[in-house]
Amino acid sequence: SEVKYLTEYYDKPEYLSFKGYCQWGGYEMLNKALKMKPQEIIDQVKASGLRGRGGAGFPTGMKWGFLPKNDEPRYLLCNADEGEPGTFKDRLMMEKAPHQLIEGMIISAFAIGSKKSYIYVRGEYKYIIDILNHAIREAYDAGFLGKNIMGSGFNHDMDVYSGAGAYICGEETGLISSLEGFKGQPKLKPPFPAVQGYLKKPTIVNNVETLVSVIYVLRDGVNGYRKYGTEKSPGTKLFSLSGNIRRPGNYELPLGYPLKDLIDNLGQGLKPGRKLKAVIPG
């Protein structure tokens, strides 16, 4: 059945604000992370088995591990383009808990040694861009973004970038092209973004939900995080359910949960007079 893990406080309207987020344990893991060695965080994310939540399911820690060991500036890009038909879970996360994403991003940026990050949001999410910009300002005011974060010596700046409604910009190299001011078209790989991405510098692109999950890997440890999901796909995942069903919406479930149960139990089955003919697991 449904697990409220990442979404535990999404029913609290005050979770949207900096003050409310901190009241429910917000930014505590950032404090913990800044006292760790960046490599320790990467090792934990690797060991947790966390996979990319944007659709491809690539192991996050492994992706981070592809970054060259040099002093080149590097970038962290949050993929919040969410152009996949029928998908609206990143929207929920940014709408209810923008600081959760910001905290996950600062921790991830510290782990990979990035001083600059962008949240690439699809242009149709205009009101979410406003929510994010407001939350980023709050984080700057609190000293969690900018110079010498929490006295750690780590500097990090964050910005929101709005897409222009092109579905292909959800693909990481297409997203990078768009962010650079070019037409959002995919680039040939190799070179992979981790080696040569945004502005030809090492770049990591992760989905909203992936970056948020990093907080929980640190909070609960590898074993705590792995108590949900399967051996090869640990953790929980938000699933967006829509179509001719009685209870559409977002449901957070352990990975490995049967699709039929999602539709019949959580979605309460089909609307009266409707037959299940096809399902698109997007």
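A residue counts as buried here when its relative accessible area is under 20%. With that cut-off in hand, welcome to a predicted model whose strand 1 is a good place to start: 6 of its 6 residues are buried, so the strand is largely enclosed by the rest of the structure. Strand 1 belongs to an open sheet of 4 strands with parallel pairing. The points below go through that sheet and then turn to the helices.

**The sheet as a whole**
- The strand order is 3-2-1-4, and the sheet is open.
- Strand 3 (157-162) and strand 4 (203-207) stand at the edges; each has a single partner strand, so one side of each lacks a neighbour in the sheet.
- On average, neighbouring strands of this sheet are turned by 20° against each other, direction ignored.
- As general background, strands of a sheet pair through backbone hydrogen bonds, in either a parallel or an antiparallel way.

**Strand 1 and its partners**
- Strand 1 (residues 75-80) is joined to strand 2 (residues 116-121) by 6 bridges, and the two run parallel.
- Along this pairing, N79 stands opposite Y120, while A80 stands opposite V121.
- Towards strand 4, strand 1 has 5 bridges, again in a parallel arrangement.
- Here Y75 of strand 1 stands opposite T203 of strand 4.

**Which way the side chains of strand 1 point**
- Y75, L77 and N79 point one way from the strand.
- L76, C78 and A80 point the other way, and the residues of both sets are all buried.

**A helix across the sheet**
- Helix 7 (residues 126-141) lies across strand 2 and strand 3.
- Relative to strand 3, helix 7 runs at about 170°.

**Helix 5 against helix 6**
- Two packed helices are described by the angle between their axes and the distance between the axes.
- For helix 5 (residues 89-96) and helix 6 (residues 98-112), the axes come within 4 Å and cross at roughly 100°.
- Angles of 65 to 115 degrees count as roughly perpendicular, and helix 5 and helix 6 are therefore described that way.
- On the helix 5 side, the contact is made by M93, M94, E95 and K96; helix 6 contributes P98, Q100 and L101.
- Sorted by class, this contact has 4 nonpolar, 1 polar and 2 charged residues.

Methods:
Residues are numbered from 1 along each chain as its sequence is written. This is a predicted model: local features need pLDDT of at least 70, side-chain atom pairs count only at pLDDT 80 or more; totals for chains, interfaces and linings use all residues. Side-chain values use heavy atoms; hydrogens and water are left out. Two strands pair if DSSP finds at least two bridges between them. Axes are lines fitted to C-alpha atoms, for helices over the stretch in contact, and angles run from 0 to 180 degrees between N-to-C directions. Contact means heavy atoms within 4.5 Å. Angles under 35 degrees count as roughly parallel, over 145 as roughly antiparallel, 65 to 115 as roughly perpendicular and the rest as oblique. Ala, Val, Leu, Ile, Met, Phe, Trp, Tyr, Cys and Pro count as nonpolar, Asp, Glu, Lys and Arg as charged, and the others, Gly among them, as polar. Buried means under 20% relative accessible area, exposed over 50%, partly exposed in between (1.4 Å probe, protein chains only).
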